[in-house]
Amino acid sequence: MLRKDLKFTEEQRREYLNMIDHVGQHWLEVFDGESEFYNAAYWDLFAGIWKKGGEVRKTDAAKLMLGIKSVQTAAKYVETAIERQLLLEKDNPKDARSRLVTLSADMRTRLDAFFDT
């Protein structure tokens, strides 16, 4: 039984799910199939940094992961990305008390290609 207040047909919803599957497959390709990064937290992190111009304070990077409530857990995700050289860490010239993270050149190239897809 269909509800009359629904905006989309079942076929349109199915097509939406197909599109999400397609996007997910391309997201895996960004990381050469490495499933560790097939995670909404990493999507939030990398897409958020990209959207902000590719560089943010390290503490702000952790806050981009909306589904991660623990500051310590979010920091671990950021650290993993730094260890894997997907993000680079550097001094903040405007505030010596904070650090900046930036997309590595390789990660920026991969994200640009992903968004073009």
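## The largest pocket

Let's start with the pocket. In this predicted model, the largest pocket comes out at a volume of about 160 Å³. Its lining is made up of Ile20, Val23, Gly24, Trp27, Tyr38, Asn39, Ala40 and Trp43. Sorted by character, that lining holds six nonpolar residues, two polar ones and no charged ones.

Where do these residues come from? Helices α1 and α2 each supply at least two of the lining residues, and α1 gives the most, with four. Empty space of this kind shows up when a probe the size of a water molecule is rolled over the atoms.

## Overall layout

Stepping back, the protein chain has five helices and three strands. If you walk along the sequence, you meet them in the pattern α-α-β-α-α-β-β-α.

As for dimensions, the C-alpha atoms fill a box of roughly 60 × 30 × 25 Å along the principal axes. The radius of gyration is 17 Å, whereas a compact globule of 117 residues would have one near 13 Å. Buried residues make up 33% of the 117 residues in the chain. If you take the contacts with a separation of 6 or more, 50% of them link residues 24 or more positions apart.

## The nonpolar core

Now for the inside. Nonpolar side chains tend to be buried together in soluble globular proteins. Here, the largest nonpolar core has 27 residues, and the ones with the most contacts inside it are Leu45, Phe46, Ile49, Met65, Val78 and Leu87. The elements that give two or more residues to this core are α1 (10–30), α2 (40–51), α3 (58–63), α4 (71–83), β3 (99–103) and α5 (105–116).

Val78 is a good residue to click on. Residues up to four places away in sequence aside, Val78 touches Leu45, Lys58, Ala61, Ala62, Met65, Leu87 and Val101.

Met65 is another one to look at, and it sits in the loop between α3 and α4. Is Met65 buried or exposed? Its relative accessibility is 1%, so Met65 counts as buried. Its contacts, leaving aside neighbours within four places in sequence, are Ala41, Asp44, Leu45, Ala74, Tyr77 and Val78. For a sense of distance, Met65 and Asp116 are 51 residues apart in sequence, and their C-alpha atoms are 23 Å apart in space.

## Thr80 and Phe115

Thr80 is part of helix α4. Thr80 counts as buried because its relative accessibility is 18%, and the cut-off for buried is under 20%. With neighbours within four places in sequence left out, Thr80 is in contact with Glu36, Phe37 and Tyr42.

Over in helix α5 you'll find Phe115. This residue is partly exposed, with a relative accessible area of 32%. Phe115 makes contact with Trp43, Ala47 and Trp50, again leaving aside neighbours within four places in sequence. Of these contacts, Trp43 also turns up in the lining of the largest pocket. So does Val23, and Phe115 and Val23 are 9.7 Å apart, C-alpha to C-alpha, with their positions 92 residues apart in sequence.

## Two residues with positive phi

Which backbone angles deserve a glance? Asp32 has a phi near 55 degrees, a positive value in a residue other than glycine. You'll find Asp32 in the loop between α1 and α2, and Asp32 is exposed, with a relative accessible area of 62%.

Gln85 is the other one to check: its phi is positive, at about 60 degrees, although Gln85 is not a glycine. This residue lies in the loop between α4 and β2 (87–91). Gln85 is exposed as well, with a relative accessible area of 57%.

Technical notes
Residues are numbered from 1 along each chain as its sequence is written. This is a predicted model: local features need pLDDT of at least 70, side-chain atom pairs count only at pLDDT 80 or more; totals for chains, interfaces and linings use all residues. Side-chain values use heavy atoms; hydrogens and water are left out. A nonpolar core is a set of buried Ala, Val, Leu, Ile, Met, Phe, Trp, Tyr and Cys residues joined through side-chain atoms within 4.5 Å. Buried means under 20% relative accessible area, exposed over 50%, partly exposed in between (1.4 Å probe, protein chains only). Contact means heavy atoms within 4.5 Å. On a 1 Å grid over the protein atoms alone, a cavity is a set of points where a 1.4 Å probe fits but cannot get out, and a pocket is an open set with protein on both sides within 12 Å along at least five of seven lines; lining residues have an atom within 4 Å of a point. Grid points are joined across faces, edges and corners, and a volume is the space filled by probe spheres set on the points. Ala, Val, Leu, Ile, Met, Phe, Trp, Tyr, Cys and Pro count as nonpolar, Asp, Glu, Lys and Arg as charged, and the others, Gly among them, as polar. The radius of gyration is taken over C-alpha atoms; the globule rule is 2.2 Å times the number of residues to the power 0.38.
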